[in-house]
Amino acid sequence: MKKWNSAWAGLAISYGSIVVIIVLLICSFFYIYFSRSYNEELKNKNQLILENTARTIEGTVLQRVQQMYVDLSLDKSANISMFADKASNRGGLDHVVDLQELLKAKVAGNADISQAIHLYYPKQNIMLSSLYGLRYDADQGESAAYYTDWIQEMRTSKHNSLWTPSRHIPKDIFSSIPADTSNDLFTYAHSYPFRSTGETSDVIIAIDVKESAINQIIENMMPSQYKETFVVNRAGNPVSNTNQDLLMQDGKYESSMMKALNSGHAKGSFDEEVNDVSSVVSYQTLPSTDWMIYSATPSSFYYKQATMIQQLILVICLVAIVVGLALSAVLVRANYSPIKRLVGRVKHLSGPSPKHITNEYHLIDSAFNQLNDKVSDLEETLLANSSAIRQKAILHLLHGGYTPEQWAEDLPALGISPQQYSAYCCLLLNTGGAHLGIQSDNLSTASSRLIHGLESLSLPNSHLIAEELPDKKLVVILCTNLDSEPLLDQLSHLLSSEAKQQFHREIQLSAGPWVQELTDVHESFSEAQTLMKYAYFVPELTILNDRSILQREHNLEEIPQSMLTRFRDKLHARQLEEAIKALDQFIATMRKGLYPANYCHFMLANAVFVYSDVVKNVRYKHPLQHGQPDLYQEYVSIGNILAYRNWLVESITVFISETENRNSDRAVSTIGLAKQYIKNHLSEDLSLEAVATQVFISPKYLSKLFKEEMGVTYTDYITSQRMERAKELIESNNMTVERIASSVGYGTTAYFIKRFKDMYGCTPGHYLRNISSAAMADADL
């Protein structure tokens, strides 16, 4: 057996105690928490579910019905008041048919919630229905009983709208045979014109709404409370036929329901005895109809779940303790094994351990003390490696944050005295990076020769410290007593000339400001680093010492997103010259603007990602790489923005050429015909079936051609073409948004505005104001 003071016993006791304490603390916390608050949380959750149910009914049924009225009243394709208008009434049967077809289309578009739409002309006593057709003397006859309720009430109403309770409507109201099936329908009636009352209206628009649409929402969102959930009006009468018998049974819900109705609040919950059963009553008002959703749930429903949760916590606690102890045993074994091996190794190397040492940790501690003595002897040897120590000292100097102890330790390695010089400046040479095209060994050799040559220079009252940084750039610290700009310019040109001689190409250089203390060199280095970030965007400059560039670091301006959007659209359209123009405009804007370097690199990477997405969409494989090119890795290896431009233009040219060549003659001809037809018929039906018919191929094959040859889906291409045409019409500033929407094939202005905002990030009105502002700014310039 293991001794109680051994490392094994200590690990076992420690792990076991930690597991038991943590599990007990956590489970106790949850047990207390759920015991006190879970019941209330469940009630609040029930109320929240009821509120969500009400919002869902409002949004997916009631408001959609009201929107159907608005759409119908604003629709200009047919004259709704044709029977009320004597002049319009002369149009004949064709106008009636057109109007009925419009009603049927509205019903078909909302078939999940609506059954029929009726237009009733009270002065003429005529009704035109999507379901029943044209009826004269509409309020006469046996079938009129199914809709005279809203007709009679609206005729005398001082209001402009009403909702009727649900009622059974046979599928065929004209049949004299009793119907086996019927529909439970609400009716929403509204006067037309909009501001007229029921008794002064020219037309009454009535929409039959399926009760099942509301019941399905309640059943889906409140399955466990569905049978105890009712929709009632302000008088407490049910407006839904579902569960009506249960609601009216013995009046057991009447007291709590009237309490909810008379509470004066739109929503809430309270405890109440319902049929001698303690229950939680929740209610929520539907604003559109002023109806109320009422739900009475037995309190035992909540307590039962809370008790189950508490029991579950206790079971989890026990399981966690067992599992934790088992894991502890595994961890003890795993952690003790290396200790055992280490102790065995120590005994093997140092001989038998003293008898008074019985704990493995004490034995290891004794061995480390012996090892420490040996390490101390080796430190003197390590100190002889002065080059590594010097590099470490220079890196500490460049990053700042010295403690007095570190400064006293690193100063001798620098080889200078702070009192010897009064001014310091840091210069940075961009010799790192794959963009130089030099192998790693040759790069290190050239850097070493340059460092040796610089430190060998004899400068009056000055000294140079040169070192290669981890990123392969070279840093040169000028120590001098003459902090003059001519001296700095002279040294900069000298460094540029020496670097060009060693690396056989132009090397960009940046210079930081003068500082008065050696310990402040990190400030000069930081500014030189910041300037070097902009070397990528000004490759024509060999020496970067313009301090005004630093102001760009805090600039919050952004490059217009529309430039990248235009670049992407031209790539999708395989328009090489236009894509190159868009890229050149994007790069020119970046170089002329005052944008931060990091932001510019982010935008350049975005352009690469846009191009990469286009390449992936068409499954393009590079002819030389035998696969999809790794565009981002190619971009990272590029040294400056001009090389970036040439690389991307060359890649795009090859890509478009290859993708165009791989298309068959028939595919090219078919795509061309389809694109031409789409361009000439943007305002018409451009469904896949309609266009496929025009080019004499199947819709499925046309969709496949667009995906493979264009890199976009057929729907996305149609949307992009319509949006491009819409932009042109907006920029001409000669048409309203409604006319533009109609011209590019959108039946509703709201949907056109939504699609335009999804595509360009702003509404058509906002876009028009932007281009107007830009035009005014250009005029001022």
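This passage describes the overall make-up of a predicted protein model and then turns to selected surface, buried and charged sites.

The protein contains 25 helices and 16 strands. Of its 781 residues, 43% are buried. Long-range pairing is well represented in the contact list: where the two residues of a contact stand at least 6 apart in sequence, 62% of such contacts join residues at least 24 apart. The accessible surface of the protein amounts to about 42,400 Å², and carbon and sulfur atoms account for 54% of that area.

A convenient place to begin a tour of the surface is a nonpolar patch made up of Ile18, Ile22, Ile26, Phe29 and Phe30. Together these five residues expose about 480 Å² of accessible area. Ile18 belongs to helix α1, which covers residues 7–74. With a relative accessible area of 46%, Ile18 is classed as partly exposed, and because membership of a patch calls for over 30% relative accessible area, that value is in keeping with its place there.

Cysteines come next. The model holds 0 disulfides. In general terms, a disulfide would be a covalent bond between the sulfur atoms of two cysteines. Two cysteines can be described individually here. Cys317 is buried, at a relative accessible area of 10%. Cys600 is also buried, its relative accessibility being 0%.

Another buried site worth a visit is Ser201, in the loop that runs between β6 (182–192) and β7 (203–210). Despite this loop position, Ser201 has a relative accessibility of 1% and therefore counts as buried, the limit being under 20%. Its surroundings can be listed by name: leaving aside residues up to four places away in sequence, Ser201 touches Pro122, Lys123, Ser191, Tyr192 and Ser196. The side chain of Ser201 also reaches the backbone oxygen of Gly198, at a distance of 3.0 Å.

Turning to charged pairs, the count of salt bridges comes to 17. Three of these are taken up in turn below. One is formed by Arg167 and Asp149, whose closest N and O atoms are 3.3 Å apart. Arg167 lies in strand β5 (residues 167–170) and Asp149 in helix α3 (residues 148–155), so this pair ties together a strand and a helix across 18 residues of sequence. The two partners differ in their exposure: Arg167 is buried, with a relative accessible area of 14%, whereas Asp149 is partly exposed at 31%.

A second salt bridge joins Glu272 to Lys259, with 3.4 Å between the closest N and O atoms. Glu272 sits in strand β9 (residues 267–274) and Lys259 in helix α6 (residues 254–261), so here too the pair ties together a strand and a helix, with their positions 13 residues apart in sequence. Lys259 is partly exposed, its relative accessible area being 41%.

The third pair is Arg591 and Glu540, where the closest N and O atoms are 2.8 Å apart. This salt bridge links distant parts of the chain, 51 residues apart: Arg591 is in helix α15 (residues 576–592), while Glu540 is in the loop between α13 (521–533) and β16 (543–544). Arg591 is partly exposed, with a relative accessible area of 29%.

Notes: Residues numbered from 1 in each chain as written. Predicted model: local features only at pLDDT ≥ 70, side-chain atom pairs only at ≥ 80, totals over all residues. Heavy atoms only, no water. Helix = DSSP H or I, 4+ residues; strand = E, 2+ residues; numbered from the N terminus. Buried < 20%, exposed > 50% of the residue type's maximum accessible area, 1.4 Å probe, protein only. Contact = heavy atoms within 4.5 Å. Areas by Shrake-Rupley, 256 points an atom, 1.4 Å probe, with all protein chains shown as cover. Patch = residues over 30% accessible without salt bridge, like charges linked within 9 Å, V, L, I, M, F, W, Y side chains within 5 Å. Salt bridge = Lys/Arg side-chain N within 4 Å of Asp/Glu carboxyl O. Disulfide = S-S within 2.5 Å. Polar contact = N/O pair within 3.5 Å; in protein donor to acceptor, adjacent residues only side chain to side chain.
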